[in-house]
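Trainee: I'm new to this one and a bit lost. Could you pick one strand pairing, take me through it closely, and then work outwards from there?

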Amino acid sequence: MAEVPIRDSVPHSAVKATLTVLDPEHSSSKTLKIENTEKRDDLIAVEKKYQKLWADQHVFEPNAPTFEEAPFESTTPDELHSKFPKWFGTMAYPYMNGTLHAGHSFTASKVEFGAGFARMQGKRTLFPLGYHVTGMPIKACADKLVREIEMFGPTFERCPIEDILDENKEEVPAPAQEAKTDMSKFTAKKGKAAAKSVKTKYQFQILLAQGIPVEEIHKFADPQHWLQFFPPLAKRDLTNFGARIDWRRQFVTTDANPYYDSFVCWQMRKLKEMGKIKFGKRYTIYSPKDGQACLDHDRQSGEGVPVQEYTALKLKVKEWPESAQEILEGKLPKDANVYFVPATLRPETMYGQTCCFVGPKIKYGIFKVSDNEYFFLSQRAARNMSFQNIFPEWGVFPQVAELTGSDVVGTLINAPLSVHTEGVRILPMETVKDTKGTAVVTSVPSDSPDDYATVTDLAKKADYYGIKKEWAELEIIPIISTPAYGNLTAPALVKELKIQSPKDTKKLEEAKEKAYKEGFYKGTMLIGEFKGKPVEEAKTLVRQVLIDSGDAFNYAEPDGLVMSRSGDVCVAANLDQWYMNYGLNGDREWAETVLGHIKGDLNTYYPEARHAFTQVISWLSHWAVSRSYGLGTKLPWDPAVMVESLSDSTIYQAYYSFAHLLHKDLFGKEVGPLGIKPDQLTDDAWDYVFARRDDLDFETTIDKKALETMRRQFDYWYPLDIRTSGKDLIQNHLTFNLYVHTAIFKKESWPRSFRVNGHLMLNGEKMSKSTGNFLTLEQAVEKFGADATRIALSDAGDSLEDANFDESVANSAILKLYELKKWCEEMVHDAKIVADGEEYKHVRDDEGKKFKNIDAIQRKSGSPYLLWDKMFDNEMNSLVIETQQNYEGTMYKLALKTGYYDFTAARDFYREATKAAGLGMHEDLARRFIELQALLITPIAPHFADYIWQEVLRKDDTIQNALFPKVQEPIPALTAAREYVRTTSSNITSAEGAQVKRLAKGKTALFDPKKDKKITIFAATAYPAWQTKYIDLVRSSYPALDIKAISKSVDKAESKKAMPFINGLKRRLDNGESAEVVLNRKLVFDELDTLKAMVPGLKQTVRYCKIVEIVSVDEGGQSGTVVVGEVEGGGKREGLPQNAGGAEPGGPSFLFENI
């Protein structure tokens, strides 16, 4: 590497230079900074106390029912589940090459909240966690460190600073304008000083970025050290998070744990016995550098990219153009047969070939296949073919010449099956890519919109492209008939979509998809020996004809760029390998069984998730089950290789059932309570404990009761109730999970639900260490505390779309929790109990200054409930039921809203209403609110909840063992009254606000909002006559109310008033009011009594309001009776203003006047 001058501002040590930009503090440098931490620290102290209490009391260590609770011989699994309800939830175990970040905690939170709620349903609840260490990543990182220590020393003191610095010779833009293209480079300084940047070139830098001291890094050259180091950190971080995990059941994968190793070996042998694992040559993603298959977890990029198989055609050269002849002079034998080799997915269309395309600017090679056979294609494709036994020597693809596409334009070639038997020409196509296929594209303009658009353009601009016009004008022959587009699909679609040129890429993409679907699924062959057959059937037949005749061969490549963790661009190799016989093209019956479960009993929570699983089944094919490099369990019948990382991770949830009984530590070094050693676990023993056999008539050294105990654990905890994961694992791990469950276990033990989530953004942006927008779980909990972090995760979102962890939500949660905690303490510990409203006002006025919180003055327990009390009590009941429904649906953002935000808002409304009315809160309701709030928030913020439960309410046991509250059904009359108060209060303040805005704009207002005023509220006792017909219209449509359909029956002249009225009726019905009450034009509450109760509050909330008058309006709106105001108790009022006539039952009108 060229030497780079080093400025004084840049450290001369590679380690120090790395730490200036890659230390953990830098990775989160753009995240929120908290200045005052007293409230947070107070909450964290509570969290630490209760985490210790839960651990000491073994709160999260559930066990299956004992034989005393349910005899083994006479109790079936169904009976167990009926008598002792259970919940078993897991997340995909994390890979241990680093610490957990906020994204891990988001997925964990879904299981965590579910576990919290399941406990409150009275279920024995299990949330276990193991650690995944199988595969290449750890071993590859350790091997890199070995080399780096050899080069630079154990503390990397000999690493040249120049090795990790990049010189940016251009002026660096200001930070606000900065746009990076290489995200592996991290700016060392700001502004012009940032002309140097540090690259993460070495493994020791990555470990430094994780906060590992430089003097400790050399230990990570041993792969086993990773296994020792990171799992305890994961446990620490999740414990500090308050996770309800049963840590007795933790384990690591691979042969590092001999018990788990035995479990995986049993699983592999069973699958092989059942014919689910096969051996043979299969295409797989392969790293030439690593010399082994590169499966999903081995990839630096390209996870989920499958192998795409093509039919490679051999288009023999009949005549070269002069430009090519000059270049090839002396490079090919005279009798050489050279073939242009396009790769196609549609062999059935080859009858319609009219030309063949190359990219005019792409560099191609001619590669020697045998003494007289040569292929013309891209170097990338030749490299792929060299690992598919197409070239004589593995990995070698001899290139004899290099040409650009433009050099070969005009070449005459023979196109197999084409009706144009005299040959077709090589023509230019600007949109050919050398990243897909062979960069040689055969043209079938009858059925390919891209091809039709291109040949049309070539014919129009033949001189421009330097070709003869007739080359692009060979007759287009109909080869496939379709119902939608006739027998020339491509021309029909180009015309329909108004495609003007090959540059209309979006339209052409749409046309291509339509053409393929219509042709493949509905097309019929019009030509060739399979004329009359459906295309779906003919495709395979035509392909075989071409291969049998020697005019084509199989070719495969990765369907996108795949980079191994060693930095190698991967290929598709045709290998002898053991593979899982997944896929509709493999074990079809197996695939259809899985598909049936997906479409049937499996709960995926979202239709989009179910669709994604279904799509994976449609394309997923054979999967290599072994690898030769990395960590793992040796394949039992071929110990030279190991089980790959996605194949040892399918049914491990079953292992959680009794892991704690087999071993005491995660490495299986300490024998567990059952006294079973790994070598005692024979296949017969595993079969028995996993319910694959019911008899114990096999030879075993394991005690019968020990085996029955393991079997009881499995029978009880299985099936898995919920598994959560990022949606990216649908394409591999989760689908593999279903495949192997259906193969190994009985149907009653198949998973019940998979809940997938989107990725987690941080503050609305992608998490990235390089931009400083990154948080580990440890950092989040240290910054915000566990409960505030959990609240922000709950608020982040529940859908399949990417969620957002908003630090401002976590920060505000600190204040809200602290203030709520303080309020609850004061309401219980500092309570001043008064007999009634009169005494409340007396104490408030005479002694109010003695109280930290005036709310602590409460009407005594057992005193009568007034209207505000009843409405608050009823609203709490309603919110408890809503919250329960949200938890049941795993909608945690909504559960947080109804069970916390709305719940505290209901208290705030009640508090202000009773304060304004001079009543104060009711002691019973204040205490009920505190108790319910603690229970509702328990799944999400358990530390706060347990503190309130045990230290404020003085309960005897942890809230973790409390049940979800059962409440009475909400009373529709009180719900309607509460909605009426909300709406009326809002309408009054909005009306006043409108006048304020008019004055601000210099317009004339009906009154001066800044002067003393009187509000007159007009309440009607009867509906206007015009509403009768619309009541009848709604009644005739009920209960299937279709507002859009009803609107068509409304007179246009009345629509402006009729539609709001109709929507109001529907809203009342939706809120639970009976149809009899709503459609018989009756309010379920007393409107006048409700308005009277609102008067004190209105005087408080409406500025300068001195008088509130309520008038009950007579029919016609001309007169009424004063119910509250200057003249009360039946005083008549004539000549009411015009807006009095606009009042209707449940919809009062208002008049503001200055006094």
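Mentor: Sure, let's begin with strand β24, residues 571–580, which pairs with β25 in the antiparallel sense over two bridges. Keep in mind as we go that this is a predicted model. To find the pairing on screen, look for Met 580: standing opposite Met 580 is Trp 623, in β25.

Now widen the view a little. β24 and β25 belong to an open sheet of four strands, and the order across that sheet is β7-β6-β24-β25, with antiparallel pairing. The edge strands are β7, at 292–293, and β25, at 623–624, and each of these pairs on one side only.

From there, move along the chain to another sheet. This one is open too, with three strands in the order β26-β28-β27 and antiparallel pairing. Its edges are β26 (626–627) and β27 (634–635); each has a single partner strand, so one side of each has no neighbour in the sheet. Take β26 as your example: it pairs with strand β28, residues 638–643, over two bridges in the antiparallel sense. The residue to click on is Ser 626, which faces Val 643 in β28.

For some pairings with a higher bridge count written on them, go to strand β14, residues 363–370. Strand β14 is joined by five bridges to strand β15 (residues 373–377), and the two run antiparallel. β14 and β15 make a hairpin, with two residues between them. Within that hairpin, Lys 368 has Tyr 374 of β15 as its bridge partner. β14 also pairs with strand β16, residues 399–404, again antiparallel and over five bridges. Here the landmark is Lys 363, which stands opposite Thr 404 in β16.

Next, a couple of backbone details in loops. Tyr 605 isn't a glycine, yet its phi is positive, at about 70°. You'll find Tyr 605 in the loop between α19 (588–599) and α20 (607–619). Further on, Tyr 718 and Pro 719 are joined by a cis peptide bond, with omega about 5°. Pro 719 sits in the loop that runs between α24 (704–717) and β29 (722–726).

Now for the helices. Two packed helices are described by the angle between their axes and by the distance between those axes. Try it on helix α30 (residues 867–888) and helix α31 (residues 892–916): their axes come within 8 Å and cross at roughly 175°. Angles over 145 degrees count as roughly antiparallel, so α30 is roughly antiparallel to α31. By class, 14 nonpolar, five polar and five charged residues make up the contact of α30 with α31.

Set beside that pair helix α16 (residues 489–496) and helix α17 (residues 505–522), which pack at about 140° with their axes 10 Å apart. That angle makes α16 oblique to α17. The crossing, where α16 passes α17, is right-handed.

Finally, zoom all the way out. The domain assignment gives domain 1 as 307–558 and domain 2 as 975–1154. Taken over C-alpha atoms, the centres of domain 1 and domain 2 are 74 Å apart. There's also a UniProt annotation to know about: in an unreviewed entry, UniProt lists residues 88–146 and 233–805 under "domain: Aminoacyl-tRNA synthetase class Ia". Over residues 88–146 the chain is 51% helix and 12% strand, and 42 Å separate the end C-alpha atoms.

If you lose your bearings, go back to where we began and find Met 580 opposite Trp 623.

How values were computed. Residues are numbered from 1 along each chain as its sequence is written. This is a predicted model: local features need pLDDT of at least 70, side-chain atom pairs count only at pLDDT 80 or more; totals for chains, interfaces and linings use all residues. Side-chain values use heavy atoms; hydrogens and water are left out. Domain bounds come from an automatic or database domain assignment. Two strands pair if DSSP finds at least two bridges between them. UniProt positions are given in the numbering used here, feature names are shortened, and annotations may be inferred rather than shown by experiment. Axes are lines fitted to C-alpha atoms, for helices over the stretch in contact, and angles run from 0 to 180 degrees between N-to-C directions. Angles under 35 degrees count as roughly parallel, over 145 as roughly antiparallel, 65 to 115 as roughly perpendicular and the rest as oblique. Ala, Val, Leu, Ile, Met, Phe, Trp, Tyr, Cys and Pro count as nonpolar, Asp, Glu, Lys and Arg as charged, and the others, Gly among them, as polar. A crossing is left-handed if the near helix is turned anticlockwise from the far one by less than a right angle, and right-handed if clockwise.
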